[in-house]
Amino acid sequence: MVLEIVVMVKQVPDSQEVVIDPVTMNLNRSMTRNVTNRADENALEAALQIKDKTPANITVVSMGPPQAESTMIECLARGADRAILVSDRALGGADTYPTGLTVASAISKLDHFDIIFAGEESSDSSTGHVGPGVAEFLGIDQITYCSKIQYEDGYVTAERELEDGTEVVKCPTPVLVTVLLNSNYPRRQTLRRKIDAVRKGMEVWNIEKLELKPEWVGVRGSPTIVRRMQSIKEKQREGKKVTLEQIPDLVKELYEKKIIREVH
Amino acid sequence: MSEFDAIVVGAGPAGTSAASKMASSGMNVLLVERGDPPGSKNVSGGILWGKDLSKLYPDWEKTAPLERFITNKVTGFLTEDSSISIDFKTKRFERQRTGYSVLRTKLDGWLAKKAKDSGATVITGITVDGLARDGNKVIGVRQENDVITSDLVVLAEGANPRIAIDEGLRQPINDHDVAIGIKQVFKFSEQTINERFNLRNGAGFAGEYSLGFLNNGVKAGGFLYTNKDTISLGVVIDIFDLRKDNSTYSFDIMEKFASHPYIAPYIEGGQLQEYSAHLVCEGGIDYVPKLYGNGYLIAGDSAGFSFSNGMMIQGMNYAIASGIAAGETAISAKESNDYSESMLSSYEKKLSSSEVLMDMRNFRGIQNVTWSPLVHEFIPKFTEGILYNMFNETGEPKKHLFEIALENFAGSKYDRKSLVLDLYRMMRRM
Ligand SMILES: Cc1cc2nc3c(=O)[nH]c(=O)nc-3n(C[C@H](O)[C@H](O)[C@H](O)COP(=O)(O)OP(=O)(O)OC[C@H]3O[C@@H](n4cnc5c(N)ncnc54)[C@H](O)[C@@H]3O)c2cc1C
Ligand SMILES: Cc1cc2nc3c(=O)[nH]c(=O)nc-3n(C[C@H](O)[C@H](O)[C@H](O)COP(=O)(O)OP(=O)(O)OC[C@H]3O[C@@H](n4cnc5c(N)ncnc54)[C@H](O)[C@@H]3O)c2cc1C
């Protein structure tokens, strides 16, 4: 049987080019070009590595405006088999809840899926909500912040990076896996595949196709309301260099200033 | 059978023009560009001179992303603390519009879009590795482990033609064949630029300067062009002398130009938006390779089609003209289903009767003049000395102009004979 893999991808402004307007302190997105969210490239690569060993079909799904086409073509040119862009006026201004709902609805329209990959988070909003949200909407298991992802006989095994070590999780499919940024080296697009990708093109789905009502999605379906955006100036913290011999004094000082305390 | 009628490598002005010309005649064309989006790797000053685009897009002056039409052309010499310039303004340029300032990031995107609209398959973000050959015939391109086949390959790689060189289709680059260009773009409001340069209704300023303040024989020119709400400021540096001098760095020359007392006020308060560097093709007609062979043509900077006087550069116009000529040649080749060397030789004939090769031939060796110490050192310093003495009121008895000139000449490193010789060469070649 052919494994069905879905990869969730988002197009984001190139973070290397994002400029902060010195007056308003907001992000100026007008000058930046759009690229594929880097962690999503790692997610796609994780899928492709499974496909290298096991017969599989890879479908990329994205919710976004029409210009996300370049991202979809790029994913096909790296080796995905099918690209679906969910695009609809009604989807504008979505927060993470309706984004998850929309992507989950699109995935549920596919005939079948075994593994869903998402990036750990997006580089422009960085909530890390959407992947787990999709798993919840679909009612399936999830493994988050993963690297070294393998598939064998109906099970996905992945390593989770924790603060004090690594956790190895083994989980039966269907499962959603969120992939760590830089956890692998995304393969390059090739001319051959990109020509085929341009010829094949992407599919565009609207919310009717997903059987979603306009009031469930986009800004109308978003429970959060942005009242104000504010840049926070990082407080300049006091720093101090000490030699090895001075450490006991430093500890004493921190203790007296109540920055650290004793625990038993 | 080949997968494509033609593959074009590079979506600069040359490649997009060739692709558009061929595709609009119904040919099956693939245009491959490594930059994503197109233009992201390209640098021009840049003023697009001439009307070559009219041949492809009659309404280009209304639809292309043009910044300003040039009505005010300044040519000058800068020394350490002085500026001497000829300031030419004419209402005629307002009517004729012979030059427009452009920004490549926008222009190349538009050109690629036009090629796509003409029917070409445009692929970005991919670098072509080389050519595929069958004997002495080019049959397509190589990329990673694949070969994409075509009856014709048009190489329009720009000033650093790796493929043409690696495949032995042209001579490698010499220090004398290229200069290095550095460019900065500063953001202002449209109104600020209008006020600073005394411009109205979309008119623009194009200033080019010889930088007479450099040491150790290093030679460079500078340019300042107004765009709608940005200023392009850059330098073009002769590599040969730069390489010999270990104490001068290219970016320092850029800085010195930008902070020159008579340049700095123009860009004061501007926000730096772009900083780029690129090779400039300078080799003249002797740097032009064989332009065609079985299954391939070379166009634009890759073919050395660029004209420079050490301050201003023309290349985009020749790139477009040669791209169109390559396209026309390909169309005839397709009609007779013959992509042989002898068929494709009509490309060179077309260029020979157009401004592209005529300009290059007429100005053979101009780079020896434009990059001479005469232009970049002697004239700026000599003229500055004369003007200073002439206009300066010291209370001392006045001297005749000839006397002042002689004194200044004595202070320069030139001997009389080589001056006369260099001046003669300059007059003949310019
Ligand atoms: C000005 C501004 C204000 C915002 N305010 C809010 C707010 O108040 N509340 C709120 O909840 N959100 C808010 N957002 C976030 C915005 O709605 C999110 O961009 C969007 O919902 C996706 O979340 P994310 O970018 O954090 O993705 P993450 O959850 O960080 O992304 C994780 C992974 O999910 C997948 N994914 C993410 N987005 C998509 C997509 N569109 N299609 C397919 N897969 C995807 C990718 O695999 C990605 O790597 C705001 C954004 C902006 C720019
Ligand atoms: C500082 C500076 C100032 C200039 N000022 C002016 C000016 O004012 N007016 C003027 O007319 N000219 C000017 N020029 C010259 C002008 O920029 C060039 O002559 C012109 O760009 C040549 O066009 P082209 O299409 O031949 O090459 P390019 O514009 O260089 O385009 C070549 C394209 O090929 C792509 N490419 C290369 N190799 C590959 C590959 N293997 N695979 C895929 N893609 C590839 C490149 O990414 C590039 O997009 C200036 C140049 C410089 C550097």
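This short talk covers the interface between chain B and chain A, and then one pocket.

Please keep in mind that this is a predicted model, in which local features need pLDDT of at least 70, side-chain atom pairs count only at pLDDT 80 or more, and totals for chains, interfaces and linings use all residues. Residues are numbered from 1 along each chain as its sequence is written, chains are lettered from A in the order in which they are written, and side-chain values use heavy atoms, with hydrogens and water left out.

Let me begin with the interface, where 19 residues of chain B are in contact with 13 residues of chain A, contact meaning heavy atoms within 4.5 Å. Together the two chains bury about 1300 Å², of which 58% is on carbon and sulfur atoms; buried area here is the accessible area, taken with a 1.4 Å probe, that two parts lose on being put together, summed over both.

How many salt bridges does the rule find across the interface of chain B and chain A? There are 3, counting a side-chain nitrogen of Lys or Arg within 4 Å of a carboxyl oxygen of Asp or Glu. One of the salt bridges joins B:E3 to A:R199, with the closest N and O atoms 3.1 Å apart. On the side of chain B that touches chain A, the residues divide into 9 nonpolar, 6 polar and 4 charged, where Ala, Val, Leu, Ile, Met, Phe, Trp, Tyr, Cys and Pro count as nonpolar, Asp, Glu, Lys and Arg as charged, and the others, Gly among them, as polar.

Turning to the second largest pocket, its lining has 20 nonpolar, 20 polar and 9 charged residues. A pocket, on a 1 Å grid over the protein atoms alone, is an open set of points where a 1.4 Å probe fits, with protein on both sides within 12 Å along at least five of seven lines, and lining residues have an atom within 4 Å of a point.
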